[in-house]
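Dear colleague,

Please find the model we spoke about below, together with its sequence. Could you look it over before reading my notes?

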Amino acid sequence: MSSTPAVAASSEVVGADGVRQPGGEVHAWLPGQNQTVCGLPLSRTRLRRFPHVPFDYASTDVLTQADPVGFICPRCLAATQGRRRQERSWVRQSPRP
Ligand SMILES: [Zn+2]
């Protein structure tokens, strides 16, 4: 598969630059498909599409109160990270406290 996963989200916010950004619950979505990577139909769940926003989240991401994103779908995370790990192998080094 050559297409990069984009974002589908339950709500949206408009940034200072006027570009729509995803908010609420975010899923990975492959442009051209009518469902998310985890299998939710976009039309029935009313998820908005953000073809200009790559799904670039990691399970280590920390969401803050100021962040418009409240929930990142773990199934979409797992699906996209598995793919990313195949492209470039990296080893996460746990920093010592
Ligand atoms: Zn999902």
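The notes below begin with the chain as a whole and then turn to the metal site.

This is a predicted model, in which local features need pLDDT of at least 70 and side-chain atom pairs count only at pLDDT 80 or more, while totals for chains, interfaces and linings use all residues. Residues are numbered from 1 along each chain as its sequence is written, and side-chain values use heavy atoms, with hydrogens and water left out.

The protein chain has two helices and four strands, taken as DSSP runs (helices H or I, at least four residues; strands E, at least two) and numbered from the N terminus, and along the sequence they follow the pattern β-β-α-β-β-α. Of its 97 residues, 30% count as buried, meaning under 20% relative accessible area with a 1.4 Å probe, protein chains only.

The zinc ion has as its protein donors (N, O and S atoms within 2.8 Å of the metal, or 3.2 Å for Na, K and Ca; water is not among the atoms, so sites may look incomplete) His 27 (ND1), Cys 38 (SG), Cys 73 (SG) and Cys 76 (SG), which lie 2.0 to 2.4 Å from the ion. Because the four donor atoms subtend angles of 103 to 123° around the zinc ion, the arrangement is tetrahedral, a label that requires all angles of four donors to lie between 85 and 135 degrees. Two of these donors, His 27 in strand β2 (residues 20-29) and Cys 73 in the loop between β4 (69-72) and α2 (74-87), are 46 residues apart and link distant parts of the chain. His 27 counts as buried at 2% relative accessibility, and Cys 73 is buried with a relative accessible area of 5%.

With best wishes

Key:
Buried means under 20% relative accessible area, exposed over 50%, partly exposed in between (1.4 Å probe, protein chains only). Four donors count as tetrahedral if all angles lie between 85 and 135 degrees; four count as square planar and six as octahedral if opposite donors are over 155 degrees apart and all others between 65 and 115; anything else is irregular.
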